[in-house]
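Here is a short briefing to keep beside you while you turn the model around on your screen. Take the topics in any order you like.

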Amino acid sequence: MSKPDSRERALVRFFKERVPLQLEVFEQLAKEPIPNHMKRWWYALGGTPLILFAILVTTGIGLTFYYIPDPDQAYHSVKYLTERVYFGWYLRSMHKWAANLMVIAVMLHLFRVFFTSAYRKPRELNWIIGCGLLFTVLGFGFTGYALVFDQLSYWAAQVGTGLAAKTPVVGDFFQRFMLGGEVVGKNTLSRFFVFHIGVWPTVLLALLGAHIFLFRGLGIADIGAKQLSPAEARDHETMLKSGRYFPFFPNHAMTELVIALAVLILLTELSILWPATIGVPADPVSTPAHIQPEWYFFFQFQLLKMFPEKLALGLQLVMVLLMVFWPFIDRLILKLWNKPWLSPAFGLAGLGVFLALTIREAFHGYVLFHDWFPRLVSGL
Amino acid sequence: MNDESKTPSGSPNTSADAGAASAPQPAPGPRRDFLASVLVVGTAVPAALGGAVMGLRYVLPPSKKAQADLLMCRAEEVAPGESKIFENVLGNRICLLRDSEVVPPGESTATYRPFKAFSLRCSHLGCFAHWEGGVRKFVCPCHNAVFNEDGEVVAGPPPVGLTRIAVEVRDGLVYMRIPYVKA
């Protein structure tokens with residue numbers, strides 16, 4: 001037994017002498033104490049977007065092997081990938097469903113943080129960064145949907161950028177910037193593609209780095225217990241011995257692993273039962289009868305149907321500002337009225353409006369996500 | 001038997017802990033250790049290998065398959081509006097359809113081709129669909145997929161239609177252009 005052991009030591013020494021890493025620091029980081037409430041999965045929702053991001057990057061790289069961002073070829077390259085390439089349908093369906101689950105996971109994480117008031121001092125900035133992450137994810141969705149370049153995705157891009165153009169002052173510039181011209185065309189596809197595979201991933205990684213740095217630095221909000229002083233929070237040994245904390249590795253890593261497996265199984269089930277399809281090729285001269293964005297933009301789509309454009313845009317801006325600066329507004333509410341139930345009530349109202357508008361839009365035209373349901377009904 | 005009954009009773013952390021140099025803990029028995037590593041290696045290695053093979057096959061674009069014209073039957077064996085099923089030596093099924101003899105408007109009798117053929121292998125998960133002559137649709141019983149006479153998806157989960165096979169009629173004989181497959 002001594003021989004392989006000494007050989008292993010030599011190998012470890014080889015790298016230790018050449019890579020100036022302080023392994024003790026990593027070990028310390030890996031054993032970070034996590035409050036016991038994190039054993040419940042709904043508190044561990046923050047890791048799910050990270051798992052989905054890894055899946056999206058992997059499948060996304062696979063998709064770029066065949067995708068061609070050119071108006072004449074984009075549709076056919078996606079069709080070829082879906083119908084001819086070995087397991088191409090699976091990769092594309094996984095990517096599509098992971099994107100949908102990503103929006104859901106980020107929203108669930110956001111609701112959990114909101115309703116447990118985990119955004120309060122000193123975590124206000126991390127809430128704002130989290131909002132930035134949500135908007136980046138939505139940006140991913142918008143640019144990615146357009147890349148397929150079938151009728152629905154073409155018109156979604158056309159309508160989406162058309163709405164942006166209605167924004168006062170910057171709207172016109174913004175639309176030209178995104179489209180690279182007057183209408184969706186060659187430049188649009190290049191720009192959407194670059195944003196989807198280059199700009200948004202970079203932005204996301206930067207924000208994610210800041211998000212993780214802040215929450216590791218500030219520690220996880222210890223719900224239902226008194227906040228530790230910085231000196232106490234540094235004493236990991238005592239914290240772990242107190243029984244109210246457990247180490248990140250291996251205990252929490254195990255939880256995340258189980259979640260990752262569950263997510264992979266769910267994605268595979270969804271991909272098999274409702275694989276990503278492709279409609280008819282984009283036709284710039286004929287708008288299809290029903291156009292609809294992805295479900296996570298239903299809410300905005302409904303607002304635009306219900307109110308005049310300027311008002312709808314104004315409402316959206318107000319909602320976004322309310323959401324982003326909520327930690328400070330929350331403090332103001334507490335100071336003015338001192339009613340702790342006001343904030344959650346406001347959040348519930350906001351969630352209610354969001355769900356109501358989304359469901360309303362969902363049953364207006366097509367059914368959620370897909371056109372499979374009408375097809376099923378008409379076929380039987 | 002004895003060893004197997006022991007493994008589930010172990011806490012889920014013991015195997016994951018093994019790699020980390022952490023505080024002293026009850027040492028897991030060598031047998032349980034061995035079983036745990038057999039389980040881990042026995043699932044991780046095949047999964048990684050399978051994933052690698054599938055990944056490599058994905059990366060390589062599908063090659064254009066060579067094909068052969070095969071003589072299948074006499075045209076008169078399939079009456080107008082009727083169908084005929086062929087099974088090849090590998091167990092795959094092909095359905096030959098014949099339109100009712102009416103030539104569609106705008107098409108000359110010379111170019112009108114009344115025969116169509118489809119592989120009955122459902123594009124969803126590979127069950128065999130069957131031809132429902134009454135409603136003139138292909139139906140796959142596994143997940144209720146429905147395809148029309150042109151093999152296009154009408155209902156159900158398949159991502160694409162049925163694979164169409166080119167049919168040629170020469171001197172009253174029906175030929176099909178069948179792609180070569182790996183045996």
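What follows covers the contact between the chains, the sheets of one chain, and some backbone details of the other.

This is a predicted model. Chain A and chain B bury about 2,200 Å² between them, and chain B holds an open sheet of 6 strands as well as an open sheet of 4 strands. In chain A, two spots worth a look are the cis peptide bond between Lys121(A) and Pro122(A) and the one between Phe249(A) and Pro250(A).

**Where the chains meet**

- The size of an interface is often given as the accessible area lost when the parts come together.
- Here that area is about 2,200 Å², with 65% of it on carbon and sulfur atoms.
- The rule finds 0 salt bridges across the interface of chain A and chain B, while 4 residue pairs are in polar contact there, both residues at pLDDT 80 or more.
- On the chain A side, at least two residues each come from helix H3 (47-64), helix H4 (74-83), helix H5 (88-115), helix H12 (248-273) and helix H17 (372-379) of chain A.
- Of the side of chain A that touches chain B, H12(A) gives the most, with 6 residues.
- Sorted by character, the residues on that side of chain A are 17 nonpolar, 5 polar and 4 charged.
- Counting by chain, the contact takes 26 residues from chain A and 25 residues from chain B.

**The sheet of 6 strands in chain B**

- Its order is S1-S10-S9-S4-S3-S2 (chain B), and the pairing is antiparallel.
- Strand S1 (67-74) and strand S2 (83-87) of chain B are the edge strands, each pairing on one side only.
- On average, neighbouring strands of this sheet are turned by 30° against each other, direction ignored.
- S1(B) is joined to strand S10 (residues 173-179) of chain B by 7 bridges, and in S10(B) you will find Ile178(B) opposite Ala68(B).
- S9(B) and S10(B) pair over 5 bridges in the antiparallel sense; Glu168(B) has Tyr175(B) in S10(B) as its bridge partner.
- The hairpin of S9(B) and S10(B) has 2 residues between the strands, and in this hairpin Asp171(B) takes a positive phi near 55°.
- Strand S4 (residues 115-119) of chain B is joined to strand S9 (residues 164-170) of chain B by 2 bridges, with Ala117(B) partnered by Ile165(B) in S9(B).

**The sheet of 4 strands in chain B**

- This open sheet has the order S5-S6-S7-S8 (chain B), again with antiparallel pairing.
- Its edges are strand S5 (130-132) and strand S8 (153-155) of chain B, each of which pairs on one side only.
- From one strand to the next, the twist averages 35°.
- Strand S6 (residues 137-140) and strand S7 (residues 145-147) of chain B run antiparallel and are joined by 3 bridges; Val139(B) stands opposite Val146(B) in S7(B).

**Backbone details in chain A**

- Most residues other than glycine have a negative phi, and most peptide bonds are trans.
- Phe87(A) is not a glycine, yet has a positive phi of about 60°; Phe87(A) is found in the loop between H4 and H5 of chain A.
- Lys121(A) and Pro122(A) are joined by a cis peptide bond with omega about 5°, and Pro122(A) has its place in the loop between H5 and helix H6 (124-147) of chain A.
- Phe249(A) and Pro250(A) are also joined by a cis peptide bond, with omega about 5°; Pro250(A) has its place in helix H12 of chain A.

Key
Residues are numbered from 1 along each chain as its sequence is written. Chains are lettered from A and ligands numbered from 1 in the order in which they are written. This is a predicted model: local features need pLDDT of at least 70, side-chain atom pairs count only at pLDDT 80 or more; totals for chains, interfaces and linings use all residues. Side-chain values use heavy atoms; hydrogens and water are left out. Contact means heavy atoms within 4.5 Å. Buried area is the accessible area (1.4 Å probe) that two parts lose on being put together, summed over both. A salt bridge is a side-chain nitrogen of Lys or Arg within 4 Å of a carboxyl oxygen of Asp or Glu. A polar contact is a pair of N or O atoms within 3.5 Å; within protein, one must be able to donate a hydrogen and the other to accept it, and residues adjacent in sequence count only if both atoms are side-chain atoms. Ala, Val, Leu, Ile, Met, Phe, Trp, Tyr, Cys and Pro count as nonpolar, Asp, Glu, Lys and Arg as charged, and the others, Gly among them, as polar. Two strands pair if DSSP finds at least two bridges between them. Axes are lines fitted to C-alpha atoms, for helices over the stretch in contact, and angles run from 0 to 180 degrees between N-to-C directions.
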